[in-house]
Amino acid sequence: MQITRGPVGGTAGPAEWFTGDAWIAPVAEPGARTQGDSVRFAPGSRTVWHRHPLGQVLVVTEGTGRVQRRGGPVETIRAGDIVRIAPGEWHWHGAAPAVPMTHLAIEPIPDDGTSAEAGEPVGDSEYHGGLAEDVPQVTRTVVLDQPLSRPRSTHRVEVRRITIAPSHAAGLHVHNGPVFGSIETGSAVYQIEGEAAAVLGPGDVFHEPEGARIARFDAEEDGVTFLGYFLLAADEAAEMEFPDR
């Protein structure tokens with residue numbers, strides 16, 4: 001048994017195989033029938049287009065990266081992901097634009113010793129999935145701009161994480177103040193009395209007006225978990241009534 005303590009450094013990847021900085025550290029013994037390397041990519045770096053005679057397996061061990069086969073979309077890969085590349089399949093792989101990535105690259109060695117074939121470099125347009133630039137790392141989207149039913153003095157906001165069991169109905173209810181919410185997991189049927197019902201899923205937001213009769217907040221078969229934001233005055237507590245009808 002031999003233990004090599006990390007981190008493993010490696011040697012710089014050759015320019016004819018990489019765009020940007022990458023470091024290769026062999027993990028298989030010389031002369032083995034399978035080649036294994038730990039490859040660390042700097043942000044934005046990637047291999048050229050290439051193919052392996054008997055295919056290759058990539059195991060992402062750290063960071064976030066990208067991979068693409070010829071004719072397919074650019075795919076995001078993360079730590080724990082496994083990529084299996086078919087024999088003779090043209091492909092490339094590398095790090096995400098702003099995050100480094102390390103993977104194990106494992107490939108069988110043919111009996112005749114044929115090695116991988118390098119093709120052309122991956123241009124910026126290909127690397128970004130056909131776009132001139134990546135999607136910005138920070139985006140801001142207004143998902144709800146809701147006026148309140150009447151002006152009120154709000155001194156604090158109480159945030160609750162609420163879970164409703166699968167297929168359970170909350171029942172007709174009324175809040176003493178406005179409530180905003182956002183679905184985290186699962187789904188629910190939401191309806192203000194007299195209005196159309198809607199099915200809410202992860203990422204959806206909703207508003208329960210102060211004093212409005214909420215006819216339905218019914219968890220579907222997968223249950224629902226959501227954050228509820230209760231707008232309250234200084235000495236006010238969040239209250240909910242359940243009218244008989």
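**Exercise 1. Describe how strand β15 pairs with its neighbours in this predicted model.**

Solution.
Step 1. Begin with strand β16 (residues 198-200): three bridges join it to β15, in the antiparallel sense. Within this pairing, Val-189 stands opposite Val-199.
Step 2. Look at the connection. β15 and β16 form a hairpin with five residues between them, and Gly-194 in the turn has a positive phi of about 90 degrees.
Step 3. Turn to strand β18 (residues 213-232). It runs antiparallel to β15, with twelve bridges between the two; Tyr-190 faces Phe-217 there.
Step 4. Add strand β17 (residues 205-208), which pairs with β15 over four bridges, again antiparallel. Here Val-179 stands opposite Glu-208.
Step 5. Check how covered β15 is: of the 14 residues in 179-192, twelve are buried.

**Exercise 2. Trace the salt bridges of Arg-152 and state whether Arg-152 is buried or exposed.**

Solution.
Step 1. Glu-210 and Arg-152 meet through their side chains in a salt bridge of 3.4 Å, N to O. This pair links distant parts of the chain, 58 residues apart: Glu-210 lies in the loop between β17 and β18, Arg-152 in the loop between α1 (124-127) and β13 (156-164).
Step 2. Arg-152 also forms a salt bridge with Glu-236, with the closest N and O atoms 3.5 Å apart. Glu-236 sits in the loop between β18 and β19 (240-241), 84 residues from Arg-152.
Step 3. The relative accessible area of Arg-152 is 19%. Buried means under 20%, so Arg-152 counts as buried. Glu-236 is buried as well.

Key. Residues numbered from 1 in each chain as written. Predicted model: local features only at pLDDT ≥ 70, side-chain atom pairs only at ≥ 80, totals over all residues. Heavy atoms only, no water. Buried < 20%, exposed > 50% of the residue type's maximum accessible area, 1.4 Å probe, protein only. Pairing = 2+ DSSP bridges. Salt bridge = Lys/Arg side-chain N within 4 Å of Asp/Glu carboxyl O.
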